[in-house]
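These notebook entries record what I looked up, in the order in which I looked.

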Amino acid sequence: MPASHVIQEYSISDLSSEFDVTTRTLRFYEEKGLLSPRRIGRIRYFSAADRVRLRLILRGKRLGLSLAQSAEIIDLYQTPEGSQKQLRVLLDTLAAKRAELEAQAADLKATLSDLKRVETSCRKALEQRR
């Protein structure tokens, strides 16, 4: 006998619990076109593909990518070039994000150095006034 093909679907509360996000977040992603649940009345049924997309969106978020960047990268998988183009764009996006964070880290390091220098100067001035 052939095995029956079971389509896996998830409720909004299933995904909310699994990924520790609010149902409002899931509705927002749906509103932005990032997730496309099947709807029957007010009830949403998310597919396995929606679940994978959500996982990728949240991974992108952890990496500091915008929703637009994540959506672009995820959507590239559906193009004729498929995963190769997707990976090239992801690498370019990650390189840009890394450069941005390294610049921020350098700025923070300089600011901390300035704070330390001013703090030391203030302490010396305070000691001289005693």
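Entry 1. Terms and model. I take two residues to be in contact when heavy atoms of theirs lie within 4.5 Å. I note at the outset that the model is predicted.

Entry 2. V89. I began with V89, which I found in helix α5. Setting aside neighbours within four places in sequence, I listed E72, I73 and L76 as its contacts. I then looked up the distance between the C-alpha atoms of V89 and Q69, and it is 9.5 Å, although 20 residues separate the two along the chain. Is V89 buried or exposed? V89 has a relative accessible area of 17%, and because the cut-off for buried is under 20%, I entered V89 as buried.

Entry 3. Q86. I turned next to Q86, which also has its place in helix α5. Its relative accessible area is 15%, so I entered Q86 as buried. Not counting residues up to four places away in sequence, I found that Q86 touches I73, I74, L76 and Y77. I saw I73 and L76 in the contact list of V89 as well.

Entry 4. The largest pocket. I looked up the volume of the largest pocket and noted about 210 Å³. Which residues line the largest pocket? I wrote down L56, R59, G60, L63, L65, S70, I73, I74, Q86, L87 and L90. Helices α3 (48-62), α4 (67-76) and α5 (83-128) each supply at least two residues of this lining. Sorted by class, the lining holds 7 nonpolar, 3 polar and 1 charged residues.

Entry 5. The second largest pocket. For the second largest pocket I noted a volume of about 160 Å³. Its lining consists of A49, V52, R53, L56, I74, Y77, Q78 and Q86. Helix α3 gives the most to this lining, with 4 residues. By class I counted 5 nonpolar, 2 polar and 1 charged residues. I marked Q86 as a residue that lines the largest pocket and also the second largest pocket.

Entry 6. Helix α1. I then moved to helix α1, which spans residues 12-19. Which residues of α1 are buried? I found I12, L15, S16 and F19 to be buried. They lie on the same side of α1, because they cover an arc of only 100° around the axis. Among the elements that cover these buried residues I listed β1 (9-10), α2 (23-31), β3 (43-47) and α3.

Entry 7. S16. From helix α1 I picked out S16. At 14% relative accessibility, S16 counts as buried. Leaving aside neighbours within four places in sequence, I noted contacts from S16 to V21, T22, T23 and L26.

Entry 8. D20. I looked up what follows α1 and found D20, which lies in the loop between α1 and α2. D20 is not a glycine, yet its phi is positive, at about 55°. With 71% relative accessibility, D20 counts as exposed.

Entry 9. Helix α2. In helix α2 I found L26, Y29 and E30 to be buried. Why do they lie on the same side of α2? I traced this to their arc, which is only 105° around the axis. On the face turned away from the buried side I found the exposed residues R24 and E31. The cover over the buried residues of α2 includes α1, β2 (38-40), β3, α3 and α4. Just after α2, I noted that G33 takes a positive phi of about 85°.

Entry 10. Aromatic pair. How many aromatic pairs does the structure hold? I found 1 aromatic pair. The rings of F28 and Y29 form the pair, with centres 6.1 Å apart, and their planes stand at 55°, so I recorded the pair as tilted. I also looked up the accessibility of each partner: F28 is partly exposed at 35%, whereas Y29 is buried, with a relative accessible area of 4%.

Definitions and conventions: Residues are numbered from 1 along each chain as its sequence is written. This is a predicted model: local features need pLDDT of at least 70, side-chain atom pairs count only at pLDDT 80 or more; totals for chains, interfaces and linings use all residues. Side-chain values use heavy atoms; hydrogens and water are left out. Buried means under 20% relative accessible area, exposed over 50%, partly exposed in between (1.4 Å probe, protein chains only). The arc is that of the directions from the helix axis to the C-beta atoms. Rings of Phe, Tyr and Trp (its six-membered ring) pair if their centres lie within 6.5 Å; planes under 30 degrees apart count as stacked, over 60 as edge-to-face and the rest as tilted. On a 1 Å grid over the protein atoms alone, a cavity is a set of points where a 1.4 Å probe fits but cannot get out, and a pocket is an open set with protein on both sides within 12 Å along at least five of seven lines; lining residues have an atom within 4 Å of a point. Grid points are joined across faces, edges and corners, and a volume is the space filled by probe spheres set on the points. Ala, Val, Leu, Ile, Met, Phe, Trp, Tyr, Cys and Pro count as nonpolar, Asp, Glu, Lys and Arg as charged, and the others, Gly among them, as polar.
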